[in-house]
Structures are given as C-alpha cells and as structure tokens.
Amino acid sequence: MEEKRDWLQMPDEIMGGMILQRLNAIQILESVQKVCRNWRRICKDPEMWKMIDLDYYSCISNTKNDFGYYSYISKPKNDFDYYSYTSYTNNCLEKLTKEAVHRSRGELIHITLKGFGTDHLLDHISRCSSKLNYLHLTACDDVTPYGLSNALKRLPHLETLELYEFHVPKEEDIELIGRNCPLLKSFEMEPMCAGGDVYARAIAKSMPELRHLKLFGLMDDRNGVQAILNGCPHLESLDLRRCPYHDLDLDLDENLVKLCKERIKDFKYNISESDED
C-alpha cells in the first residue's frame, strides 16, 4: 500500500519556496496561513514576500458572491450595493497589501497591483520598500501622477516601471520619474488616452539608461522617435505600436526605420507585429 504524504511535515524550503510561493498573496493571507501553525510560521518568512502580485479580479474562490464575482473577500452581513461592495473590496485589498509589505521587512523587490490602489498605498509601499526594483500598476484609478512621482522619490533602486490604463501624466511628470529613478532600465506606459510626442521628449531628457521602452499608442510622428534615439543610446528594445482598434501604423520614413533597426535589436512599430516576431 502506497504511503500517504504528510503535507504538514514537508521541509520549509520545499513548502515555502516551491509550493506556497505559487499562490497569490490573497490566497496565502486569507486561507493558507490559517491551515496550521507551521504553515503560518512559513507564511511570515520575509523570503515569501520579496515578490507580491495582487489583482482585484483574481480574488477567486469556489463560490460566487452576491454580485457575480468569485471572491476570497466575503461580503459583509449588512446590505451593500455594488459600488459600496467594490469600495469595501478595495479597502480590504489595501489592508492585505500593507500586511504583505510589512511581512517583507524591507526586502520587497517586485510588486504588481492591478485594479486597485491609492496614492496613500503607494506612499506606504515606498516608505517600507527602499529596495524595490520592479513596479507594475494596471487600472489603479486612484493613483495619480503626483502620487506616483512622490512615491518614486523613495525608490532610487527602481529598474522597471510599467504603467497601464494610467491617468494621463504631464511632460514634467515623466521627467520626474526619470530624475527620481536614475537606474531605470525598463519603462512601459499605456495611459488612458494618447499624449503625443511630449512623452518621447521627456523620456529622452530624463531616462538615458533605458534598455527597454514600450509606449503603446503614444507616438505621433518621427520627431519623437528621433528624440528617443538621441536621448536613449543604450536601447535594446523599442515598441511603438499603436492600438489596432483606433489607429493606423506609426508613419515613419524608410531611413528612420532603417536607423532604428540598425541601432535597436528589437524594434516594433506596426500593429501587425506580434510579441513573438
């Protein structure tokens, strides 16, 4: 008869490093750590919290709540309408994020927030995580360009910044990002609407160490591309594709396209080009 495996007796390095880290922060904080004392002890290890990935829509469980979502965050007993429940969920996620950051004990290096977040939360993260080198924000409607710039002042080691469905920043906001993050190597941005070549000029002025740049649907003409080539001499990857639902390909003359391909290993500007091309 095959001997049954006792999951509670597995070595910490296997349980923590190979199994529990495959789960998201919400699953660990709301479920896994409550299984037993040993798992709770492992879940408090700062090594578990060097990378945090929190997504509003990934708070899933096996049962739907009253609003049709699968959620680890249960609906309170009092009656909530949809918008009140959304606000309640956002507040819960902020508390969970702060707890996860607290458990990292200053060792957090990588964080992703999707669908929630505020200036206050970003400020808290930056004050507790000076070693952070990767920050991704998607659809964080309550994070403003000012709040982001203020937080980045305390993140001098940041190397990767990705902003999707973000409030439209001003040219000076982009320059502040570059000045506050002198080690920035990778920058991706897709704001809620196009901002033109002012972004390209700001990037060229303030981010000379970039190796990867993606500006989805933002470039207007060759002047912005030329500014990036002049201001970011170390670029290895440049993605300037436009949104296929709203815009045509970026109109560049043959000489500039040739120059980009000579200077940059991975250059994309046509909507027909996939990430695998």
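1. Salt bridges overall. Searching the whole structure turns up ten salt bridges, a salt bridge being a side-chain nitrogen of Lys or Arg within 4 Å of a carboxyl oxygen of Asp or Glu. Please keep in mind that this is a predicted model, in which local features need pLDDT of at least 70, side-chain atom pairs count only at pLDDT 80 or more, and totals for chains, interfaces and linings use all residues. Residues are numbered from 1 along each chain as its sequence is written, and side-chain values use heavy atoms, with hydrogens and water left out.

2. A bridge within helix 4. E99 and R103 form a salt bridge, with N to O at 2.7 Å. Both residues sit in helix 4 (residues 82–104), four residues apart, or about one turn of the helix. Helices here are DSSP runs of H or I with at least four residues, strands are runs of E with at least two, and both are numbered from the N terminus. The two partners fall into separate burial classes: E99 is partly exposed because its relative accessibility is 30%, while R103 is buried because its relative accessible area is 7%. For these classes, buried means under 20% relative accessible area, exposed means over 50%, and partly exposed lies in between (1.4 Å probe, protein chains only).

3. Two more pairs. E209 and R211 are joined by a salt bridge whose closest N and O atoms are 3.1 Å apart. E209 has a relative accessible area of 30%, so this residue is partly exposed; R211 has 27% relative accessibility, so it is partly exposed as well. K268 and D266 also meet through their side chains, with N to O at 2.9 Å. Here K268 is buried because its relative accessible area is 4%, whereas D266, with 29%, is partly exposed.

4. A network. Beyond pairs, salt bridges link E171, E175, R179 and K205 into a network. This group is a good one to bring up on your screen.

5. The positive patch. On the surface, K34, R40, K44 and R105 gather in a patch of positive charge. Patches are made of residues with over 30% relative accessible area and no salt bridge, with like charges joined within 9 Å and nonpolar side chains (Val, Leu, Ile, Met, Phe, Trp, Tyr) within 5 Å. Lys and Arg count as positive and Asp and Glu as negative, while His and the chain ends are not counted. The place of a charge is NZ of Lys, CZ of Arg, CG of Asp or CD of Glu, and accessible areas come from the Shrake-Rupley method with a 1.4 Å probe, where for residues only the protein chains shown count as cover. Of the patch members, R40 lies in helix 3 (residues 37–43) and is partly exposed because its relative accessibility is 35%.

6. Backbone at R105 and E165. R105, a member of the positive patch, has a positive phi of about 50° although it is not a glycine. Most residues other than glycine have a negative phi. R105 is in the loop between helix 4 and strand 2 (110–114), and its 61% relative accessibility is why it counts as exposed. E165 likewise has a positive phi of about 50° without being a glycine. This residue, however, belongs to strand 4 (residues 160–166), and its relative accessible area of 43% is why it is partly exposed.

7. The aromatic pair. The whole structure yields one aromatic pair. F267 and Y269 form that pair, and it is stacked, with 5.4 Å centre to centre and 20° between the planes. Rings of Phe, Tyr and Trp (its six-membered ring) pair if their centres lie within 6.5 Å; planes under 30 degrees apart count as stacked, over 60 as edge-to-face and the rest as tilted. F267 is buried because its relative accessibility is 6%, and Y269 is buried because its value is 14%.

8. Pairs apart in sequence. I111, in strand 2, is buried because its relative accessible area is 0%. I111 and L135 are 24 residues apart in sequence, and their C-alpha atoms are 5.3 Å apart in space. I52, found in strand 1 (residues 51–55), is buried because its relative accessibility is 1%; I52 and I26 are 26 residues apart in sequence and 9.8 Å apart, C-alpha to C-alpha. Q226 is in helix 9 (residues 222–231) and is partly exposed because its relative accessible area is 24%. Q226 and A200 are 26 residues apart in sequence, with 9.0 Å from C-alpha to C-alpha.
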